[in-house]
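Colleague: Before we start, could you explain each term as you use it? I am new to reading structures.

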Amino acid sequence: MINVCKTFSLDREKHGLEVLVDISCRIEEGEFVSLVGPSGCGKTTLLKIIAGLERATRGRVLLDGFEIASQTDKVGLVFQEYALFPWRTTLQNIVIGLEIMGVNKKERLAAGMEYVNMFGLKGFENRYPCELSGGMQQRVAIARTLIMGPKVVLMDEPFGSLDSQTRNDLQEFLLDLWQKRQDTVLFVTHNVDEAVFLSDEILVLSKRPARIITRFQVDCPRPRDRTSVECNIIRREILSTLRGERVD
Amino acid sequence: MKFERYILPVFLLFLWQLLSYVGVIPSYLLPSPIRIIFGFKDLMFVGMPPEHLLYDHARYSLYRVAYGFGIACLVGIPLGLIMGWSERIRALIGPLIELVRPIPPLAWIPIAILWFGIGIKSAAFIIFLGTFFPILLNTISGVVAINPIFLDAARSLNAKEKDIFFKVLIPGSIPSIFLGMRIGMGIGWMTLVAAEFTGVKEGYGLGYMIMTARDIQRPDEIIAGMLVIGIIGLFINWAFGALESKIVRWR
């Protein structure tokens, strides 16, 4: 079993600004955990620390008992703005991680095409990101991360800039994928509905400097109905917690 | 609607021809359009000076530009990538470049002749100076302007500095590099003609050609030569645009 332990007690000082305070949590293998919090509370910073892209001022991030102190391919990160390389086609974007790893061309293209198909991007593999819709771009970005087989997938408001229909479709697509692959996901969002629909557990962060105020177990059976009574109860509780954290 | 844009130029050409014909415009100052066409014909088939044909002048000029421009690319692009990449190297070399850059390329002609003598090397050196700075500065700004999220994305896929340099910084700055090459080429072409005014060893070059035409008072050939220089410049710019849109297909 994989124990993804994140024990932070950090006091990040960026230009003297405290962003995250003593954030500790533990995520089990195969769990889908969401982080919800007011915008600008430091969620992105937290993900960057977990991904090893930034250092914590204090505290440590542990994956399977080993500390993550620098960039690693064990942790994947999906960005809100997709961050696809505009000069690469869909397929070239998806395989760039394998390319960096040094996988030979034939193998990586085969693997890439498999992901192109799995992500419903067939026919678009030779298109450039600017020719794709927002939903497609985000699927490319998720494929680019998952093809590396990371032990933990971090997602930073991945559906934040999509229209609500596309957003719902992608949520379902992601859940489907997650149930098949059993990935461990840490999903950041400021959309409570999204968190309730997707997660096993929801951590609610305070406004800056961020700490974890409460955690909710979401026990509603899957597949979930967005409008069910159980979902609504949790949603109401989270919303009322967040109300106290409004940015003034 | 399209033909409307031609009305004014065609009208002016007619007016010019008419005024030349009735003698209002003296032909030793400004020959008529038809005489310029004949001047062009003479440049093509008689040559200026005789037996030095237009085609060869253009060939020599293009060769000089390509020489200087090529070296400017070979030095400017890698240096620009490195300076864009490393703030420290930028701080180290930047001030020196800012000091040399405002000196007009033509002001280098005397020293270029002293160093390289009259010939292809000094001409290429002047072209190099004209083209180098736009290429360098645009390459630097292309690298600096790359969205940091691409660096994070690459690092999250465990890209090492080498991967980031070759897979993010270089492709990401290509549009800007092209812009620099295009601007540089334009300046280089302008500089060339001026550099050729001061003398060429081989007896060829478009700048040299129109200076010779002046010496023997052939204003028709001067203006025909000027037009050729302009048209070649236009063509080079067009060719760069075409090459750019072929390579930068993702824009």
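Colleague: How many helices and how many strands does chain B have, and what makes a stretch count as one or the other?

Modeller: Helices are DSSP runs of H or I with at least four residues, strands are DSSP runs of E with at least two, and both are numbered from the N terminus; by that rule chain B has 10 helices and 0 strands. This is a predicted model, in which local features need pLDDT of at least 70, side-chain atom pairs count only at pLDDT 80 or more, and totals for chains, interfaces and linings use all residues. Residues are numbered from 1 along each chain as its sequence is written, while chains are lettered from A and ligands numbered from 1 in the order in which they are written.

Colleague: What is the mean pLDDT of chain B?

Modeller: pLDDT is the predictor's confidence in each residue, from 0 to 100, and the mean for chain B is 92, with 99% of its residues at 70 or more. Among the elements of chain B, helix 3 (residues 54-85) has the highest mean, 95, and helix 5 (residues 109-116) the lowest, 90. For the complex, the predictor gives an ipTM of 0.87 and a pTM of 0.85.

Colleague: What radius of gyration does chain B have, set against a compact globule?

Modeller: The radius is taken over C-alpha atoms, and the globule rule is 2.2 Å times the number of residues to the power 0.38. A compact globule of 251 residues would come near 18 Å, but chain B has 23 Å. Its C-alpha atoms fill a box of roughly 75 × 55 × 30 Å along the principal axes.

Colleague: Which residues of chain A's strand 6 are called buried, and why?

Modeller: A residue is buried if 20 or more other C-beta atoms, placed from the backbone, lie within 10 Å of its own, exposed if 12 or fewer, and partly exposed in between. Along strand 6 (residues 60-63) of chain A, A:Val61 and A:Leu63 point to one face and are buried, so they meet that cut-off, whereas A:Arg60 and A:Leu62 point to the other face and are not buried. In chain B, 38% of the 251 residues count as buried.

Colleague: How do you know that strand 6 of chain A pairs with strand 7 of chain A?

Modeller: Two strands pair if DSSP finds at least two bridges between them; strand 6 and strand 7 (residues 66-67) of chain A have 2 bridges, in the antiparallel sense, so they pair. A:Leu63 stands opposite A:Phe66 in strand 7 of chain A.
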